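Ready for some practice in reading a protein model? Have a look at the chain below, then work through the exercises one step at a time.

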Amino acid sequence: MHVVMITELGHFALILAFGVAIFQMVIPMIGAHRNNPSWMAVAEPAAITQFLLVAISFGALTWAFVTSDFSLQLVYANSHMDKPMIYKISGVWGNHEGSMLLWQLILTLFGASAAVFGGNLPDRLRARVLAVQASIAVAFFAFILFTSNPFLRLAVPPLNGRDLNPLLQDPGLAFHPPFLYLGYVGLSMAFSFAIAALIEGKVDAAWGRWVRPWTLAAWVFLTLGIALGSWWAYYELGWGGFWFWDPVENASFMPWLISAALLHSAIVVEKREALKSWTILLAILAFGFSLLGTFIVRSGVLTSVHAFANDPARGVLILIILAVFLGGALTLFAVRAGSMESKGVFSPVSRESALVLNNVLLAVSCFVVFIGTIWPLVAEMLFGRTLSVGPPFFEAAFTPFMVVLALVLPIGSILAWKRGSLSRATKPLLPWFVLAIALGLLSYAVQSGRSAMGPIGVALGAWVVGGALADIWMRSGRGGWLDRLGRMRRLPRADWGKAFAHMGMGVTIFGIAAMMAWEIEDIRVTDIGDRWDVGQFSFTLDDVRRVEGPNYVTTMADMSVWRGGKQLTVLTPEKRFYPVAKMPTTEAAIRNGILRDIYVVIGDPQVDGGYAVRVYVKPFANWIWGGALLMALGGFVSLSDRRLRVGAASAKKTNMVPAE
Amino acid sequence: MKRLILILCILSGPAFAVEPSEILDDPALEERARELSQGLRCPVCQNETIDESNATLAQELRIVLRERLVAGDTDEEAVTYMVSRYGEYVLLRPDARGANLILWLAAPLMLLLALWVGITAIRRRNIAPEPLSQDEEEALEKILKQ
């Protein structure tokens, strides 16, 4: 009786939140138009109420999962009594309906934070931002309630559930969707600010300063979400790939690229009051790509036309949401962008110009991913050709942009604002340039193959990391070594954030190139007791046993890894079977290292004895995700800069303290 | 949840991509086979190469490909054979013929367009600073007269 009440309460809260969102969409907008303070003022309590109601609703659904209430259809389809508690909780968003509720929770959370922390925004701008934010919420409340209601009941509650897909029962994937959604939805704030600014017809430095933290936060979460997903694919799918250019991956990568561009152009708005209309456009596109990503993932249209046809209501509704918001925003942009007068002037050689180039490269590379992702659909609809666009296309068409970006990044990032000098900028970089080339040549000489990818990756990585170090070193001013180190510690957090993020980019480039170029793979059949060599390591298959897990049975192998006669470690790759879902999974065993990962997979027993075994040596694999973490860390550090803190106006006084 | 279909596909067959029994004795030939199969898509999977896939059909394709190479096909001939037999769909790197030209030329054209827009924007910004306003003019005069 009690539990029943909680579910109904959740459902009711969701419907109520829908109503509040409609109210918040309409009233403050009219209030801002008529300059009516009390109408504008309802936006904040409404945003907070909306969030609390969705939180109640989300809590109720979580409660149903935790208590295994199989009278809810969603719980029955995605949970099981024996499932570990953490996966009962992550099961809430491990399905379509629940993940949309999570989306909504985060969307309203951002709205509520804008209401709580937006005290220093002008009243009208705040009212409009919150109204636009509410309009997005209205669209998705309608989507959830009409096509994806998580609170539907089963007439006869079954005794047990069908369990969550075993591959999703994994810590990496438990937290992958929340981070990704924080990123996707975080970009809705940039969108709301852009629309509000277009309605106001005014964009100034302050606008740039308000938009940047939200974009930065969203970008950090996207970075972490994408990295988690890639890491999960690496260890879970059993062959150690980390990126597949899959439509759903691209769906998250496109907003990442555009929001990275937006971050940089917002700096120009904030510091130099230039590139205003372009920045507005990027803010619209960034959220547009988030919506597109949601459409791709939720409708299944790109993975299979049939998946789309199975449930056209969902796909069509998201497509309508996408068309209305993107179409409306772009129309508004076309009408109003002309009035965004930019002020700052700058010479062709300047930080501003470098950031324009950054934007060109990031935006075009995003376009490449976009066209590659939708091309199979276009080719089928317009030209009747059923074809695929896979990794070879993206590697050929996308990589050059990243190479050029990495080449110009160190120079662009130390050019002076307004009017820079190329010779002055390149001088401190020269030693790093020489070092990078030397490292590239060295790795070319040391490697066994003749591939250029590894050495180029080494050189580019070193160049970008070195450039970031040179930048931060230059900022420490003149004088002795110790003085400069001391001053480096007192540099603004934003400077350090920039350095970390750029270094992260260099590290990731290096990791990807090194792993792809120098990976060793070995596939063979081996008996228990056999010994074989892969690269500088030897392996022995010591034993294969059967073990029972909480909700699976597993075949576990003990494999020893040796180097120079010394045993390094024993790895235990598994082949699991989940009886409820009737699905096997491959659990690779990995010895993580800074220089290399050793990655082993156990296969099926062979007909004439022995087991199939795969061994990989993956050099510098962890640098890929290490670089992503460093980028995210850079974002966090920059967010903590007092200039960006939401009380920026009141913090201004402390900024006046004599130059640091 | 993202890769669900792909995952189901992996699990539909014996769970182990390239089987040791498939590997050719000639390492040079095997390396070519691996390289080529990384550019061919498993027709029943979601965006997986036949090199990675565990589906039975992917295994079939791997074996057919190796047979062609053993029979003396060049890389191109082997790929053409696979396309003629399984359709354009298996090519992960779409050819640059017909409508696909749009796909391949999109990036360079877009880059040129973006560079052009960027350069015009930079040029437009690179104008002489605005003339002084009347107040500023007067203030300047005052200072100069002092």
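**Exercise 1.** Decide whether Phe620(A) is buried or exposed.

*Solution.* Begin with the rule: a residue is buried if 20 or more other C-beta atoms lie within 10 Å of its own, exposed if 12 or fewer, and partly exposed in between, with C-beta atoms placed from the backbone. Phe620(A) has 26 C-beta neighbours inside 10 Å, so Phe620(A) counts as buried. Next, locate Phe620(A): it sits in the loop between strand S10 (611-619) and helix H21 (621-639) of chain A. Helices (H or I, at least four residues) and strands (E, at least two) are DSSP runs, numbered from the N terminus. Finally, the phi of Phe620(A) is near 55°, a positive value in a residue other than glycine.

A word on the source: this is a predicted model, in which local features need pLDDT of at least 70, side-chain atom pairs count only at pLDDT 80 or more, and totals for chains, interfaces and linings use all residues. Residues are numbered from 1 along each chain as its sequence is written, while chains are lettered from A and ligands numbered from 1 in the order in which they are written.

**Exercise 2.** Now do the same for Lys418(A): how many C-beta neighbours does it have inside 10 Å?

*Solution.* The count is 16, so Lys418(A) is partly exposed. Lys418(A) belongs to the loop between helix H15 (391-414) and helix H16 (422-426) of chain A. Its phi is near 70°, again a positive value in a residue other than glycine.

**Exercise 3.** Work out the order of the strands in the open sheet of four strands.

*Solution.* Two strands pair if DSSP finds at least two bridges between them. The order is S1-S10-S9-S8 (chain A), with antiparallel pairing. At the edges are strand S1 (520-526) and strand S8 (589-591) of chain A, each pairing on one side only. Now look inside the sheet: strand S9 (residues 596-605) of chain A is joined to S10(A) by eight bridges. Val600(A) has Val615(A) in S10(A) as its bridge partner.

**Exercise 4.** Which strand does S6(A) form a hairpin with?

*Solution.* The partner is S7(A), with four residues between the two strands. Five antiparallel bridges join strand S6 (residues 574-578) of chain A to strand S7 (residues 583-587) of chain A. Glu574(A) stands opposite Glu587(A) in S7(A). In the turn, Lys582(A) has a positive phi of about 55°.
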